[in-house]
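Please look through the sequence and the fold below before reading on. The paragraphs after it take up the sheets and then the nonpolar cores.

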Amino acid sequence: MSQVNRAIFSLSLLLISPLATAKPWKSGEILTNESFRYGAFEARMKGSLGSGAISAFYLLKDGSWEPGQEWQELDFEILGKEANLLQSQVMLPGAPRTESNVFHRTEKTLSKDFNVYRMEWTPDSLSFYFNGELLRKETDPDTYAKFLDPKRVEDMRLRFSLWVGFSNWSGILNPEAQPTPFYVDWVKVYSYESKSQSFALSWEDQFDSLDASRWNKAQWTFEYAVNDFTAEQVSIEDGVLKIEFAPQ
């Protein structure tokens, strides 16, 4: 079901900065107020369609982008330049990071149908699932020590983001055919029980509203995005989280 490519790309380098000078485009991102160490993270999503669009469901350690910090990030990214293309990504410490990326081609139209994406993170493995099917599992204790070694691992926040790039990897933005919105129907977060080596549901959000005690709206940008992240581009529509890309 998947087509694999482990080449290293410059993807979502989060050199996060305040919005000093507005970019010509805007989009949105939300992140949890809570941080996590191990667990399972599952969401039912419909990706954005359009060249340049990246619909991201991911975990990121705060400050990974800062000099001297060890990068730690897990991603599912739906690439809107093609109807059925997504990638799983593990970002590890490097200079400033090392990326391990795998492309997956599915039988689903990712911008037309809602599909369930799941990431599992334990002291033994990193796993990525699509509609219950295992796409990728990493267990190498040396390569992935930043995630697997309890002495090195750090907490991460969960995020949903729609950003647009301008490269061969993401696709080139066509201003006349802007990407469609990114939708999230629900999200579930599970804790990891080390004794039983199992997951237990901690909480779920059906997005009947955007709970400010759980979520924060981004107000920043990063180098490789053509857009700023602004709060106004995030909304709830008929019980679904909606993130939109638009001109400023």
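What follows describes the strands and their pairing, and after that the cores.

The model is predicted, with local features requiring pLDDT of at least 70 and side-chain atom pairs counted only at pLDDT 80 or more, while totals for chains, interfaces and linings use all residues. Residues are numbered from 1 along each chain as its sequence is written, and side-chain values use heavy atoms, with hydrogens and water left out.

Seven strands (DSSP E runs of at least two residues, numbered from the N terminus) make an open antiparallel sheet in the order S7-S6-S5-S4-S11-S2-S14, where two strands count as paired if DSSP finds at least two bridges between them. Strands S7 (97–105) and S14 (215–217) are at the edges with a single partner strand each, so one side of each has no neighbour in the sheet. Within this sheet, S4 (residues 53–60) and S5 (residues 73–79) run antiparallel and are joined by seven bridges, with Ser 55 opposite Ile 78 in S5.

Another open sheet has three strands in the order S15-S1-S18, with mixed pairing. Strand S1 (residues 25–27) runs parallel to S15, joined to it by three bridges, and Trp 25 has Asn 227 in S15 as its bridge partner.

The largest nonpolar core (buried Ala, Val, Leu, Ile, Met, Phe, Trp, Tyr and Cys residues joined through side-chain atoms within 4.5 Å, buried being under 20% relative accessible area with a 1.4 Å probe and protein chains only) has 47 residues, and Phe 57, Leu 74 and Phe 160 have the most contacts inside it. A second, separate core of twelve residues includes Leu 79, Phe 103, Trp 169 and Ala 218.

Definitions and conventions. Helix = DSSP H or I, 4+ residues; strand = E, 2+ residues; numbered from the N terminus. Buried < 20%, exposed > 50% of the residue type's maximum accessible area, 1.4 Å probe, protein only.
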